[in-house]
Amino acid sequence: MSEHDNMLEMSLKSGKVMIRLRPDLAPLAAARLKELASQGFYDGVKFHRVIEGFMAQGGDPTGTGSGGSDLPDLKAEFTQEAKFERGTIGMARTMNPNSANSQFFIMFEPSPSLDGQYTIVGEVTSGMEHVDQIKRGGGASGMVTDPDIIVSMRPVSSST
């Protein structure tokens, strides 16, 4: 395995974001994001919930926040070994800890209240300036009108 085996490249309207998956912390969630990205699942999917100073959430093909992939939900993979810092990628879920599926969120700022409560699946290694440009939502829910999209997201092949 090379270092590229756990990298995803996400294209946003303003540029490329490199994501390092953390199968050491969340093997199920890391495998899920890689599988869905390789299928083109995330292409054109909206960042439907974006809260200034907190996070940008995407990965729901319906754009409503209640959708996911056709694959079964994942078991929670919570850890105290990593923290929710700027650039951390977590798996979104409902009140049920074992409900993560395809939705993920990228932190704009640290959020210690999430530590040990949500699965950490990866981190942005470059391109965070593009994440910072994702259109913000309004109100407490952070729902976005005419949201930005993931142009494409694919695993980085080890041959590049």
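Select M10 and display what surrounds it: setting aside neighbours within four places in sequence, M10 is in contact (heavy atoms within 4.5 Å) with G15, K16, V17, I19, F47, F104, I106, I150, S152 and M153. The model is predicted, so local features need pLDDT of at least 70 and side-chain atom pairs count only at pLDDT 80 or more, while totals for chains, interfaces and linings use all residues. Residues are numbered from 1 along each chain as its sequence is written, and side-chain values use heavy atoms, with hydrogens and water left out.

Next, add Y42, F47, F104 and M153. Together with M10, these have the most contacts inside the largest nonpolar core, which has 32 residues. Such a core is a set of buried Ala, Val, Leu, Ile, Met, Phe, Trp, Tyr and Cys residues joined through side-chain atoms within 4.5 Å; buried means under 20% relative accessible area, with a 1.4 Å probe and protein chains only. Elements giving two or more residues to this core include strand 1 (7-12), strand 2 (15-21) and helix 1 (27-38). Helix 1 gives the most, 5 residues. Helices (H or I, at least four residues) and strands (E, at least two) are DSSP runs, numbered from the N terminus.

Now select helix 1 and colour A29, A30, R32, L33, L36 and A37, its buried residues. Viewed down the axis of helix 1, they fall within an arc of 160 degrees (taken from the directions from the axis to the C-beta atoms), so they line one face of the helix. They pack against strands that include strand 1, strand 2 and strand 8 (152-155).

Finally, go to G40, just after helix 1, which takes a positive phi of about 80 degrees.

Technical notes
Buried means under 20% relative accessible area, exposed over 50%, partly exposed in between (1.4 Å probe, protein chains only).
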